[in-house]
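Open the model in your viewer and keep the sequence panel beside it. This tour goes from one selection to the next and says what to look for at each stop.

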Amino acid sequence: MKANIDTVLLGSKVVLVPYRSEHVPKYHEWMLNEELRMLTASEPLSLEEEYEMQQKWQVDEDKLTFIILSREPGVLADDAGKVLPTDERLAKLPMVGDVNIFLYGTIPSQEQSSSVALTDEEEEGFYAEVEIMIAEPSFRRKGLAIEALQLMLGYATGCPEAFSTQFPSSSLHNLPTSPLNISPHYLVTRINDTNHASIRLFEKLGFQVTKRVEVFHEIEMRYQQPIPNGHKCTIE
C-alpha cells in the first residue's frame, strides 16, 4: 500500500517496515516451507514471481503490509526518532515475519460502526482481515507477535488504546497518523482451529470467536470489545 511506503513503526521488541525488494529473497526462502505455506494459505512462487508480488503489494490500495524485524539491543537508540525504510541500520535487524491487513469493500465511516455487534448486513460488507506470521522458529513465543499486532492494528485504526488493555505498550503512544482509520469492529482474522497459540494471541487483543467453519477446520474471530472513548479514536 502506498500509504505506508515510507512508514516505520518502532516497538520495544520489533520494528515494522514496509515490504521492500530487499526482503524478497528471505521471504521466498520462508515460502519454500510447506508448513508455512499451509498456515498462510499461500501458493508456491518462483523468486521472480515473488518479486512481482512484492511490487504489486507495494501499490495495491487493499493491502497494508509490514515486515517484522526483531529490534536488537544497540542498533536503534531509544530516542531514534523518525526512522525511514532506507535507514542502513535496519539491515542489521533480523527479519522474522510479516503482518498484513487485507481490505474487502469500501471502508465505512466511524459513525457507521460505533456498536460492538455488527448487523448481518455489515458482516457481509466491508471487513479488514488480519494475518501475522513469525516465520523464524527461534523468535517465536518471545512476545514479538503481540507487539507487532498492537503496532499494526493501532496504526491502521488510529485507536492504539483499543489493543493495549492487557499489554500496555509505551510504543503505541508514538504511532504516526493512521492512513485508514478503520474501526476496530471491522477487524477479522481466520485461524486454523488447531492453532491454539494464535487463537489465544488474538483473544488477548480483544478478539472473540464469532464463526466456525468445520469443513475447513477454521474459526473466524472479530474484535468485540467496546472501543475506548466511544468510537472517536484518534492519535493525538
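Select β4 and β5. These strands of the predicted model run antiparallel and are joined by eight bridges. Pick Val 99 in the pair: the bridge partner of Val 99 in β5 is Ile 132. Now colour β4, residues 95-104, by accessibility. How many of the ten residues of β4 are buried? Nine are, leaving the strand mostly covered.

**The other neighbour of β4**

Add β3, which spans residues 63-70. β3 and β4 are also antiparallel, with seven bridges between them. Go to Lys 63, in β3. Across from Lys 63, in β4, stands Phe 102.

**Lys 63**

Stay on Lys 63 and show its side chain. Is Lys 63 buried or exposed? Lys 63 counts as buried because its relative accessibility is 13%, and the cut-off for buried is under 20%.

Next, show Asp 60 and Asp 62. The side chain of Lys 63 makes a polar contact of 3.1 Å with that of Asp 60. A second polar contact, of 3.2 Å, links the side chains of Lys 63 and Asp 62.

Which residues does Lys 63 touch beyond its neighbours within four places in sequence? They are Met 1, Lys 56, Trp 57, Ile 101 and Phe 102.

**Leu 103 and the cores**

Move along β4 to Leu 103. Set aside residues up to four places away in sequence. Leu 103 then touches Met 1, Glu 61, Asp 62, Phe 126, Tyr 127, Ala 128, Leu 180 and Ile 182.

Leu 103 also belongs to the largest nonpolar core, which has 45 residues. It is one of the residues with the most contacts inside that core; the others are Leu 16, Leu 64, Phe 66, Ile 68, Ile 101 and Phe 207. Select that set together.

Now trace where the core comes from. At least two residues each come from β2 (14-18), β3, β4, β5 (127-134), α5 (144-157), β6 (187-192), α6 (196-204) and β8 (218-223). Which of these elements gives the most? It is α5, with ten residues.

Another core, of 19 residues, lies apart from this one. To find it, select Val 17, Val 24, Tyr 27 and Leu 93, which are among its members.

**Salt bridges**

Switch to charged side chains. The model has ten salt bridges. Visit these.

- Select Arg 20 and Glu 22. Their side chains meet in a salt bridge, 2.7 Å from N to O. Arg 20 counts as partly exposed at 23% relative accessibility, and Glu 22 is partly exposed at 45%.
- Select helix α1, residues 24-30. Lys 26 forms a salt bridge with Glu 29, with the closest N and O atoms 3.5 Å apart. The two residues are three apart, about one turn of the helix. Lys 26 is partly exposed at 27%, and Glu 29 is partly exposed at 47%.
- Select Arg 190 and Glu 129. The closest N and O atoms of this salt bridge are 2.9 Å apart. Arg 190 sits in β6 and Glu 129 in β5, so the pair ties together parts 61 residues apart in sequence. Arg 190 is partly exposed at 29%, whereas Glu 129 is buried at 10%.
- Select Lys 56, Asp 60, Asp 62 and Lys 63. Salt bridges with shared partners join these four into one network.

**Arg 71**

Go to the loop between β3 and β4, where Arg 71 is found. Arg 71 counts as buried, at 15% relative accessibility. Show the backbone of Leu 76 as well. A polar atom of the Arg 71 side chain lies 3.3 Å from the backbone oxygen of Leu 76.

**Helix α6**

Last stop: α6. Select its buried residues, Ile 199, Leu 201 and Phe 202. Turn the view to look down the helix axis. The buried residues of α6 fall within an arc of 160 degrees, so they line one face of the helix.

What covers the buried residues of α6? The cover includes β5, α5, β6, β7 (207-213) and β8. Finish at Gly 206, just after α6, where phi is positive, at about 100 degrees.

Terms used:
Residues are numbered from 1 along each chain as its sequence is written. This is a predicted model: local features need pLDDT of at least 70, side-chain atom pairs count only at pLDDT 80 or more; totals for chains, interfaces and linings use all residues. Side-chain values use heavy atoms; hydrogens and water are left out. Helices (H or I, at least four residues) and strands (E, at least two) are DSSP runs, numbered from the N terminus. Buried means under 20% relative accessible area, exposed over 50%, partly exposed in between (1.4 Å probe, protein chains only). A polar contact is a pair of N or O atoms within 3.5 Å; within protein, one must be able to donate a hydrogen and the other to accept it, and residues adjacent in sequence count only if both atoms are side-chain atoms. Contact means heavy atoms within 4.5 Å. A nonpolar core is a set of buried Ala, Val, Leu, Ile, Met, Phe, Trp, Tyr and Cys residues joined through side-chain atoms within 4.5 Å. Two strands pair if DSSP finds at least two bridges between them. The arc is that of the directions from the helix axis to the C-beta atoms.
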